[in-house]
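Ready for a little practice in reading a sheet? Have a look at the model below, then work through the exercises with their solutions.

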2 protein chains.
Amino acid sequence: MSYELHYWPTIQGRGEFVRLALEAAGAPYMDVARGSDDAGQGLPALSRLLVDRALTEPPFAPPVLRDGKVVVAQTAAILQYLAPTLRLVARNEQARVWTLQIQLTIADLVSEAHDTHHPVGVELFYEDQKPEALRRAAQFCSARLPKYLQWFESIIVRNPAGPRHLVGGKLSYADLSLFQVVEGLRYAFPKAAERALARTPGVLRLHHRVAQQPRVAAYLRSARRIPFNEQGIFRRYPELDLV
Amino acid sequence: MSYELHYWPTIQGRGEFVRLALEAAGAPYMDVARGSDDAGQGLPALSRLLVDRALTEPPFAPPVLRDGKVVVAQTAAILQYLAPTLRLVARNEQARVWTLQIQLTIADLVSEAHDTHHPVGVELFYEDQKPEALRRAAQFCSARLPKYLQWFESIIVRNPAGPRHLVGGKLSYADLSLFQVVEGLRYAFPKAAERALARTPGVLRLHHRVAQQPRVAAYLRSARRIPFNEQGIFRRYPELDLV
């Protein structure tokens, strides 16, 4: 049976962490909002799901995963749900919690990256909060971004199973998410990201290894991978790439 | 054996969600940073933990829970780890994921409440970002706060086991966290919160029921409960309570 992913159809956004997990595992899924309205998909299907009063576990916001009767929202909860079936997390409880902890820290980094261009409010245009964005981006590029990358590096270096993965000796969804964050940081902050990544060789090698994973590599080459753009979380506004 | 909670000693903050779970379960714990430096506790102990190079699973930021050799950070991950032992979540995997999903949405609400007074950056004083705070708080009070509370209300109303709890027919950590958020919103935005809560009677009743739980009630009366203040996440700045 095929999973249904419900997410905004024109951006990578937070849905990309779920897409990458499904793709890396070779799991069948339908990216519903990217389908055609005529086939009962598209944005109308996403909108219907968000207001469906028959759901006893309603989503607050996309991304939403549907697996038969099970409906799960919140990126980290979706990954927590999917990962054992997709074999993208170790079986023991402590490794699952550690992987979740890393994912939640990645989510914090993603939120901070987003807030560089929307510090005052998501309901306003970037152009209406540019002075604040410059202040926020300066702090992000000089302090927060390097701090997060150093934390990932320390995990990789200290991993008792070796520096090939974040958790244990096998690919987990945390590796895929770190890959995605490095992609996003390089897109949005090419200069600041390269400067910080020069000090985190373990992160760079892990990123490279994930990109080479055959299913991930095939996905990245495919039309299913939406290019980064200036509607998503990671946006290339050169004035915010402060080194 | 006693749990160790490592969190900032003068605020409720995100650590309060962990404190409430431990207190409601009657679990023995030490609030380390609130102990005395002489006893090897206090803020120096928290600082040491954050830079301890011997940890293979290092925390990025407080709160941090230590349970013997296990060290877990990130509020939602700590609760995911603790809840089965504390009997604050159902045993089955789907209920655990649903409870996690609610907790993560509460965490999003908490972040948005925080950003009303610190939209531009946490490294700046509130006084240096007041115009932006007013814009952000207006949006929060009129749109976001009611939207979140309506979502909690819909979960309570639709709960197949009845409206006494968020998940199933028993107290879970999600109930405790919702209680805490209502407390915080009422402190920070007394007018806006009351107006929104008037439309969510199920949330109000659940909040009241949690407050009456004997261990929670005893905790709230004790000196262990730090009062809300203007260093935490929920701050009372009357100019931001916009109705």
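## Tracing the sheet in chain B

**Exercise 1.** This is a predicted model; find how many bridges join S3(B) to strand S4 of chain B, and how the two run.

*Solution.* Start with strand S4, residues 70–73 of chain B: four bridges join S3(B) to S4(B), and the two run antiparallel. One pair to look for is Asp67(B), whose bridge partner in S4(B) is Val70(B). Next, follow the chain through the turn: S3(B) and S4(B) make a hairpin, with two residues between them. In that turn, Gly68(B) has a positive phi of about 65 degrees.

**Exercise 2.** Work out which strand S1 of chain B is joined to by three bridges.

*Solution.* Strand S1 covers residues 3–6 of chain B, and its three bridges lead to strand S3, residues 64–67 of chain B. These two strands run antiparallel. For a landmark, Leu5(B) stands opposite Leu65(B) in S3(B).

**Exercise 3.** Put the four strands of the open sheet in chain B in order, then name the edge strands.

*Solution.* The order is S2-S1-S3-S4 in chain B, with mixed pairing. The edges are strand S2 (29–31) and S4 of chain B, since each pairs on one side only. From one strand to the next, the twist averages 20 degrees.

**Exercise 4.** Find what helix H3 of chain B lies across.

*Solution.* Helix H3, residues 75–86 of chain B, lies across S3 and S4 of chain B. Relative to S4(B), helix H3(B) runs at about 135 degrees.

Conventions: Residues numbered from 1 in each chain as written. Chains lettered and ligands numbered in written order. Predicted model: local features only at pLDDT ≥ 70, side-chain atom pairs only at ≥ 80, totals over all residues. Pairing = 2+ DSSP bridges. Axes fitted to C-alpha atoms, helices over the stretch in contact; angles between N-to-C directions. Contact = placed C-beta atoms within 7 Å.
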